[in-house]
Amino acid sequence: MTNAQKDNKRLAQNTIILYVRMFLTVGLSLYITRVVLKNLGVSQFGLYNLIGGFVSMFYIVTASLSGAITRFITYELGKNCINKLIQVFSTSINIQILFSAIVLLLGETIGLWFVNFQLNIESEQIFAANIVYQLSLISFIIELLGVPFYSLVIAHEKMKLFAFNAILGVILKLLLALLLAYACIDKIIFYAIGMLIVSIVTQLVYVLYSRKKFVECKYRYSFEKNIFKKMFSFGGWNLLTSVT
């Protein structure tokens, strides 16, 4: 089998895998929404989506940086230079730590003020809203720090792992939705804790797989100014496009 035939076969397999992932996750997500709405009730369901939607605005940062990191890793993979790959991976970790610190600072100041004084939340739900907000913020930061590992998986075209992790995540969310009916604490807080656990589990899958399979998944504490500048610039332009 020629290289072209192998590439075509891999492309076909990855396409089928991604379609299967899409159909399963979309189908289950529709059912999960129905179960969560039933078990949380209209008021708490709306509150969770209000808080979660506010935090979700930050996800444009994740998408932009993920594209930038994947691009640089893929480029260095083509050159097959392990040392440069390690430098790019380490720099991407540094960038994510920087962005996480910025998001945490903004989230605990402007974001917290916005949730408590600008959103129209009933007084008896303020405590629950703050708990949900903090858990959602932690979940976002965990996913932000996991972007370099996710990018490694995508750059190496490990679509089976990518699809498996997405399906695992939606199955865990389904289990969480079903368990809501038996929650012994405030259901919205229980749901927020569960979503945080789901986020941790799915990110751990990427981290553990990357550390086991990819030799470049080694963090070296160093500051490569040129790489940092190029990646930060590329990610910044992506972010500007997303925000626009």
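## Exercises on a predicted helical model

Six aromatic pairs are counted in this structure, where rings of Phe, Tyr and Trp (its six-membered ring) pair if their centres lie within 6.5 Å, and where planes under 30 degrees apart count as stacked, over 60 as edge-to-face and the rest as tilted. The model is predicted, so that local features need pLDDT of at least 70 and side-chain atom pairs count only at pLDDT 80 or more, while totals for chains, interfaces and linings use all residues. Residues are numbered from 1 along each chain as its sequence is written, and side-chain values use heavy atoms, with hydrogens and water left out.

### Exercise 1. Aromatic pairs

Classify the pair formed by the rings of Y48 and Y191, and state which helices hold the two residues.

Solution. A pair of aromatic rings is described by the distance of the centres and the angle of the planes. For Y48 and Y191 the centres are 4.9 Å apart and the planes stand at 75°, so the pair is edge-to-face. Next, place the residues: Y48 belongs to helix 1 (residues 3-56) and Y191 to helix 7 (residues 187-213), so the pair ties together parts that are 143 residues apart in sequence; helices here are DSSP runs (H or I, at least four residues) and strands likewise (E, at least two), numbered from the N terminus. Finally, both Y48 and Y191 are buried, where buried means under 20% relative accessible area, exposed over 50% and partly exposed in between (1.4 Å probe, protein chains only).

Now treat the rings of Y209 and F214 in the same manner, and decide whether each residue is buried or partly exposed.

Solution. The ring centres of Y209 and F214 are 5.8 Å apart with planes at 75°, so this pair is edge-to-face. Y209 has a relative accessible area of 22% and is therefore partly exposed, whereas F214, at 6% relative accessibility, counts as buried. A further aromatic cluster is formed by Y150, F162 and Y206.

### Exercise 2. The nonpolar core

Which residues of the largest nonpolar core touch the most other members?

Solution. A nonpolar core is a set of buried Ala, Val, Leu, Ile, Met, Phe, Trp, Tyr and Cys residues joined through side-chain atoms within 4.5 Å. The largest such core has 63 residues, and I51, I188 and Y191 touch the most other members. Helix 1 provides the largest share of this core, 10 residues. As a last step, examine I51: leaving aside its neighbours within four places in sequence, I51 is in contact (heavy atoms within 4.5 Å) with V115, L119, I121, A129, V132 and Y133.

### Exercise 3. Helix packing

Determine how helix 4 and helix 7 are oriented to each other, and then repeat the analysis for helix 5 and helix 6.

Solution. Two packed helices are described by the angle between their axes and the distance between the axes. Axes are lines fitted to C-alpha atoms, for helices over the stretch in contact, and angles run from 0 to 180 degrees between N-to-C directions. The axes of helix 4 and helix 7 come within 9 Å and cross at roughly 5°. Helix 4 and helix 7 are therefore roughly parallel to each other, given that angles under 35 degrees count as roughly parallel, over 145 as roughly antiparallel, 65 to 115 as roughly perpendicular and the rest as oblique. Their contact includes I131, V132 and L135 of helix 4 together with I188, A192 and L196 of helix 7.

For the second pair, helix 5 and helix 6 pack at an angle of about 130° with their axes 8 Å apart, and that makes helix 5 oblique to helix 6. Here the contact is made by Y150, V153 and I154 of helix 5 and by M159, L161 and F162 of helix 6.

### Exercise 4. Positive phi in loops

Where do N80 and E157 lie, and how accessible are these residues?

Solution. Most residues other than glycine have a negative phi, and most peptide bonds are trans. N80, although not a glycine, has a positive phi of about 55°; N80 lies in the loop between helix 2 and helix 3 and, at 61% relative accessibility, counts as exposed. E157, likewise not a glycine, has a positive phi of about 60°; E157 is found in the loop between helix 5 and helix 6 and is partly exposed, with a relative accessible area of 35%.
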